[in-house]
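The exercises below ask the reader to work from the atomic model to statements about helices, loops and a pocket. Each task is followed by a solution in steps.

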Amino acid sequence: MRFLLSTLLIVTISTTTIMAQTKVKQTAGREQLGDFAPKFAELNDDVLFGEIWSRTDKLGLRDRSMITVTALVSMGITDTSLKYHLQSAKNNGITRTEIAEMLTHVGFYAGWPKAWAAFRLAKEVWTDDTDAADAKAAFEREMLFPIGEPNDAFAQYFIGQSYLAPLSQEQVGIYNVTFEPRCRNNWHIHHATKGGGQILVCVAGEGWYQEWGKPAQLLKPGDVVNIPQGVKHWHGATADSWFAHLAIEVPGEKGNNEWLEAVSDEEYDKLIRNE
């Protein structure tokens, strides 16, 4: 059940992910200055954001946000433009803990009053954040793959919050599935008249996999689980760790999933780590 993923697969998937370029769309220039200064609006929306910010294959959005916020604070620009970029920094994965440390560091170089002004805006942007949000953002940075969106379509088959990021829907389906601590899916069976089943490739954190009538197995990055069709099983995160795996659909005929009973807290809390 447990072995290292081949180097070829890792290189192929990671190269595709790392080199992806995200197109940033900005409309503020045209909305606010389109009639008054159309050329400035074009340069702001199409060049600064549409070209420079969109070069994510060269430098990620998170790093660009850190650079931009540092530059604005250093110049003493603490108006709505800084608040916009602080919100962008949060959206790009900078946590409340990180922005506090970042502004403290900048304060020694840019000046204490500038840092104070920036902190007032940062508190407004990160006001509702919790330690759990920081943990989620930190976990996402561990992975080559995005966490994706809340897995609302399948929420009824999960205990706790899960997230889904489609990576490939051609040839075979590949999805990155992320579980918050204690999150797990229900017992379920992959059916097919021929072929079918699923392969799990563990990419970050720690989790559990269990087949009906067998002890649960602890999963770590690099582990692979082959799940034949017709086998009742469940998988999810450990109690103290986020967990993510790639779910690879094995081609088959007349395939479908049968969702069964949930894994109760009583069952889950009995799991024993044997490392």
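The exercises that follow concern a predicted model.

**Exercise 1. Overall content**

Task: State how many helices and strands the protein has, and what share of its residues is buried.

Solution.
- Step 1. The protein contains nine helices and 15 strands.
- Step 2. Of its 275 residues, 40% are buried.
- Step 3. Consider next the contacts between residues at least 6 apart in sequence: 71% of these join residues at least 24 apart.

**Exercise 2. The faces of helix H4**

Task: Compare the span of H4 with the expected span, and determine how its buried residues are arranged around the axis.

Solution.
- Step 1. H4 has 14 residues, which should span 20 Å at 1.5 Å a residue; the end C-alpha atoms lie 20 Å apart, in agreement with this.
- Step 2. Its buried residues are Arg-64, Ser-65, Thr-68, Val-69, Leu-72 and Val-73.
- Step 3. These residues cover an arc of only 155° around the axis and are therefore on the same side of H4.
- Step 4. An α-helix has 3.6 residues a turn, so residues three or four places apart point the same way.
- Step 5. The cover over the buried residues of H4 includes H3, H5, H6 and H7.
- Step 6. After H4 comes Gly-76, with a positive phi near 80°.

**Exercise 3. The faces of helix H5**

Task: Identify the buried residues of H5 and the exposed residues on the face turned away from them.

Solution.
- Step 1. H5 consists of twelve residues and reaches 16 Å from its first C-alpha to its last, close to the 16 Å expected at 1.5 Å a residue.
- Step 2. Buried in H5 are Leu-82, His-85, Leu-86, Ser-88 and Ala-89.
- Step 3. Around the axis they cover an arc of only 160°, which puts them on the same side of H5.
- Step 4. Thr-80 and Asn-91 are exposed on the face turned away from the buried side of H5.
- Step 5. Helix H3 (38-53), H4, H6 and H7 are among the elements that cover the buried residues of H5.
- Step 6. Just after H5, Gly-93 adopts a positive phi of about 105°.

**Exercise 4. Helix H7 and Glu-124**

Task: Establish which residues of H7 are buried and which are exposed on its other side, then classify Glu-124 by its accessibility.

Solution.
- Step 1. H7 (residues 112-125) has 14 residues, and the distance from its first C-alpha to its last is 20 Å, close to the 20 Å expected at 1.5 Å a residue.
- Step 2. Ala-115, Ala-117, Ala-118, Leu-121, Ala-122 and Val-125 are the buried residues of H7.
- Step 3. Viewed down the axis, these residues fall within an arc of 160°, so they line one face of H7.
- Step 4. Pro-113, Trp-116, Arg-120 and Lys-123 are exposed on the other side of H7.
- Step 5. Covering the buried residues of H7 are, among others, helix H4 (61-74), helix H5 (80-91) and helix H6 (96-110).
- Step 6. Glu-124 also belongs to H7. Its relative accessibility is 44%; since this lies between the cut-offs of 20% and 50%, Glu-124 counts as partly exposed.
- Step 7. Glu-124 and Lys-83 are 41 residues apart in sequence, while their C-alpha atoms are 8.7 Å apart in space.

**Exercise 5. Positive phi in two loops**

Task: Locate Arg-182 and Lys-254, and decide whether Lys-254 is buried or exposed.

Solution.
- Step 1. Arg-182 lies in the loop between E4 and strand E5 (184-185). Although not a glycine, Arg-182 has a positive phi near 75°.
- Step 2. With a relative accessible area of 29%, Arg-182 is partly exposed.
- Step 3. Lys-254 is in the loop between strand E14 (252-253) and E15. Lys-254, likewise not a glycine, has a positive phi of about 55°.
- Step 4. The relative accessible area of Lys-254 is 70%, over the 50% cut-off, so Lys-254 is exposed.

**Exercise 6. The second largest pocket**

Task: Describe the lining of the second largest pocket by element and by residue class.

Solution.
- Step 1. The volume of the second largest pocket is about 540 Å³.
- Step 2. Its lining comprises 25 residues, and Tyr-175, His-190, Gln-198, Glu-249 and Asn-257 lie nearest the centre.
- Step 3. Strand E4 (174-179), strand E6 (188-191), strand E13 (243-249) and strand E15 (256-259) each give two or more residues to this lining.
- Step 4. By class, the lining has ten nonpolar, 14 polar and one charged residues.

Terms used. Residues are numbered from 1 along each chain as its sequence is written. This is a predicted model: local features need pLDDT of at least 70, side-chain atom pairs count only at pLDDT 80 or more; totals for chains, interfaces and linings use all residues. Side-chain values use heavy atoms; hydrogens and water are left out. Helices (H or I, at least four residues) and strands (E, at least two) are DSSP runs, numbered from the N terminus. The expected span of a helix is 1.5 Å times one less than its number of residues. Buried means under 20% relative accessible area, exposed over 50%, partly exposed in between (1.4 Å probe, protein chains only). The arc is that of the directions from the helix axis to the C-beta atoms. Contact means heavy atoms within 4.5 Å. On a 1 Å grid over the protein atoms alone, a cavity is a set of points where a 1.4 Å probe fits but cannot get out, and a pocket is an open set with protein on both sides within 12 Å along at least five of seven lines; lining residues have an atom within 4 Å of a point. Grid points are joined across faces, edges and corners, and a volume is the space filled by probe spheres set on the points. Ala, Val, Leu, Ile, Met, Phe, Trp, Tyr, Cys and Pro count as nonpolar, Asp, Glu, Lys and Arg as charged, and the others, Gly among them, as polar.
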